Structures are given as structure tokens and as C-alpha cells.
Amino acid sequence: MQVCRRIVAEKGMNALNMRLVADECGIALGTLYNYFADKDALVLAAVESIWRDIFHAGPPHETAPSFPGYVAALYGRIQKGAEAYPGFLTGHSISIAASKRGEAKSVMEHTFAHMKAGMLEVLRKDPSVPSNAFTPSFSQEDFVGFVLDQLLVLLVRGQPTCGVLLEVIRRTACTSAAPANTGTSPSGICGSPWY
């Protein structure tokens, strides 16, 4: 998978194919087919490996993170991954044939479930999020889903920061919010500095 990640980083997802990977690995093409039934299986494995590389490149947050701090760190990590793998965020689904789209969707759902689980854990442990911030009709799970959706939209649009999303989080789920229209914020709102 290291070779696949390098190819994607250097040449993009569309360059990934069985023959190139076999050549780069110094093995016969037939040997590669022992591990991957076809190009789509190879691409799916590469996509999963790239997402893993993006998320496991180091500690995602400090020991006791705030929820906004965690979201900011996650945004930065995915943004760095997008820089390391140009076109990956928007292009990997296009590289997979229609017959394998169900498997690709499953890989993405697994990735997003992993992201949501981490976000939910941090949200639940953030002391600046009051216990009454959520209700049965506005659950922590729904909020985390909303935050992840917005985070991904910002990333696909190429936004340099997720500052507006962080402010929405602070004003929605945290015990205190920034003063309106001042452009500044006291340090430590919802446990993190102003972004």
C-alpha cells in the first residue's frame, strides 16, 4: 500500500493501475492479481489506506481536548492529507467503477463512522459543553453528524480554515459564546483559543 499511496500522492488516483503498481513493486502483474482481483479492488484498498494514513499520522489532539479544538485539529489533519494526496477528497469515488460503488460506499461509511466516534467521544468529555445542551430531538449524534458534514463541505470547497464552523459549535454547544460583532474572543471559550 505504500507504493499505492506514493503513486496517488505523485500522480493522482487516476494513475493508479495494476501494471504500474506491479512495476513499482518489482513483481509480476500476475502476482499482484493474487492479492487484488482487479483494479477496483486495488483502488478500494488504496483509498482505505490513504484515509488511514491521514488519520493515524500522529496524535489528533492534546490529552484533554475541547470539542472545537478537536474539530480544528481534524480539519487541519484532513487538509494536510488533501495536500499530500492532491485531488483525493473529490476524486477517489470517480476512480471506482459503478460495479464497485457499493463497496466504496462501505469504505467511506466506515471512515466517517470512525471520525464521528472520535468526535462524539471528545464532545461527551468536553467540560464546557453543558449536560442540557442536547435533547432527544437535538442529540449529540445528530450534532456530530452535522459538524462532520459541514467540515467535509469546507474541505471540498478548499476553505483555508473552519473558523465559522468552530464559532457555530461554540455558540451552539458551549457554555459561553464570544461577544457579538467584536471580532475577538476571550481565550478558552469552550476550552480552546479563538480560531
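Ser49 is tucked away in this predicted model: with a relative accessibility of 3%, Ser49 counts as buried, because the cut-off for buried is under 20%. You'll find Ser49 in helix α4, which covers residues 39-55. Leaving aside residues up to four places away in sequence, Ser49 touches Met1 and Arg5.

Arg5 brings us to helix α1, residues 2-11, where Val3, Cys4, Arg5, Ile7 and Val8 are buried. What do the buried residues of α1 pack against? They sit against α2 (18-25) and α4. Just past the end of α1, Gly12 takes a positive phi of about 95°.

Now for the cysteines. How many disulfides does a search of the whole structure find? Zero. A disulfide is a covalent bond between the sulfur atoms of two cysteines. For Cys25, the closest cysteine sulfur is in Cys4, and at 6.7 Å that is too far for a bond, since a disulfide needs the two sulfur atoms within 2.5 Å.

Over on the surface, Phe146, Val164 and Val168 make a nonpolar patch of about 270 Å². Phe146 belongs to helix α8, residues 140-156.

Here is how some of these residues, plus Cys162, compare in exposure:

| Residue | Relative accessibility | Class |
|---|---|---|
| Ser49 | 3% | buried |
| Cys162 | 5% | buried |
| Phe146 | 38% | partly exposed |
| Cys25 | 39% | partly exposed |

Conventions: Residues are numbered from 1 along each chain as its sequence is written. This is a predicted model: local features need pLDDT of at least 70, side-chain atom pairs count only at pLDDT 80 or more; totals for chains, interfaces and linings use all residues. Side-chain values use heavy atoms; hydrogens and water are left out. Helices (H or I, at least four residues) and strands (E, at least two) are DSSP runs, numbered from the N terminus. Buried means under 20% relative accessible area, exposed over 50%, partly exposed in between (1.4 Å probe, protein chains only). Contact means heavy atoms within 4.5 Å. Patches are made of residues with over 30% relative accessible area and no salt bridge: like charges are joined within 9 Å, nonpolar side chains (Val, Leu, Ile, Met, Phe, Trp, Tyr) within 5 Å. Accessible areas come from the Shrake-Rupley method with a 1.4 Å probe; for residues, only the protein chains shown count as cover. A salt bridge is a side-chain nitrogen of Lys or Arg within 4 Å of a carboxyl oxygen of Asp or Glu.
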